[in-house]
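Please open the structure in your viewer and keep the selection tool at hand. This tour suggests what to select next and says what is there.

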Amino acid sequence: MKILWSLADATVAEVQEQLNSFRPLAYTTVMTVLDRLTRKHVVTRRKRGRGYVPSGAEPRSGASLRRALAQRLFR
């Protein structure tokens with residue numbers, strides 16, 4: 001989520017590039033995780049060209065974000 005917030009208008013490839021500095025991940029893995037987070041309404045995405053641009057659905061605020069994520073992930 002920190003990467004999505006820091007890269008306001010990033011593609012999946014750009015998110016993958018940032019994640020690779022921590023741990024190498026395949027493009028399809030990053031795309032799958034972002035898709036699942038989109039279905040849980042944690043991430044939003046909008047169409048740009050042939051692909052989608054993901055972004056965080058929740059504002060970046062400490063306790064309220066953790067509470068919202070826990071509620072959405074464990075429904």
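Is His-41 buried, partly exposed or exposed? At 48% relative accessibility, His-41 counts as partly exposed, where buried means under 20% relative accessible area, exposed means over 50%, and partly exposed lies in between, calculated with a 1.4 Å probe on protein chains only. Before going further, please note that this is a predicted model, in which local features need pLDDT of at least 70 and side-chain atom pairs count only at pLDDT 80 or more, while totals for chains, interfaces and linings use all residues. Residues are numbered from 1 along each chain as its sequence is written, and side-chain values use heavy atoms, with hydrogens and water left out.

**The whole chain**

Colour the protein chain by secondary structure, and you should find four helices and two strands, where helices (H or I, at least four residues) and strands (E, at least two) are DSSP runs numbered from the N terminus. Followed along the sequence, the pattern is α-α-α-β-β-α. The protein chain has 75 residues, of which buried residues make up 23%.

**Helix H3**

Select residues 27–39, which form helix H3. With 13 residues at 1.5 Å a residue, H3 should span 18 Å, and its end C-alpha atoms are indeed 18 Å apart; the expected span is 1.5 Å times one less than the number of residues. Which residues of H3 are buried? They are Val-30, Leu-34 and Thr-38, and because they fall within an arc of 75° when seen down the axis of H3, they line one face of the helix; the arc is that of the directions from the helix axis to the C-beta atoms. An α-helix has 3.6 residues a turn, so residues three or four places apart point the same way. On the other side of H3, select Arg-36 and Arg-39, which are exposed.

Now show what surrounds the buried residues of H3: the cover includes H1, H2, strand E1 (43–48) and E2. Thr-38 has a relative accessible area of 19% and is therefore buried. If residues up to four places away in sequence are not counted, Thr-38 touches Val-43 and Arg-45, where contact means heavy atoms within 4.5 Å.

**Just after H3**

Return to His-41, which is found in the loop between H3 and E1. His-41 has a positive phi of about 65° although it is not a glycine. Most residues other than glycine have a negative phi.

**Helix H2**

Select residues 12–19 for helix H2, whose buried residues are Val-12, Val-15 and Gln-16. Seen down the axis of H2, these buried residues fall within an arc of 100°, so they line one face of the helix. They pack against helix H1 (2–6), H3 and strand E2 (51–56). Zoom in on Gln-16, which counts as buried at 16% relative accessibility. Leaving aside neighbours within four places in sequence, Gln-16 is in contact with Leu-25, Ala-26, Tyr-27 and Val-30.

**The nonpolar core**

Next, select Ile-3, Leu-4, Ala-10, Val-12, Val-15, Val-30, Leu-34, Val-42, Val-43 and Leu-69, the ten residues of the largest nonpolar core. A nonpolar core is a set of buried Ala, Val, Leu, Ile, Met, Phe, Trp, Tyr and Cys residues joined through side-chain atoms within 4.5 Å. To this core, H1, H2 and H3 each supply at least two residues. Centre the view on Leu-34, which touches Leu-4, Val-12, Val-15, Val-43 and Pro-54, not counting residues up to four places away in sequence.

**Strand E2 and a ring**

Move to strand E2 and select Gly-51, which counts as partly exposed at 29% relative accessibility. The C-alpha atoms of Gly-51 and Val-12 are separated by 8.6 Å, although the two residues are 39 residues apart along the chain. Also in strand E2 is Gly-56, which lies 6.1 Å from Thr-44, C-alpha to C-alpha, with the two being twelve residues apart in sequence. Beyond neighbours within four places in sequence, Gly-56 is in contact with Met-1, Leu-4, Trp-5, Val-42 and Thr-44.

As a last stop, select Tyr-52 and show its ring. Over this ring sits the charged end of Arg-45, 4.4 Å from the ring centre, and the charged end of Lys-47 sits over the ring of Tyr-52 as well, 5.0 Å from its centre. A charge sits over a ring if NZ of Lys or CZ of Arg is within 6 Å of the ring centre and within 35 degrees of the ring normal.
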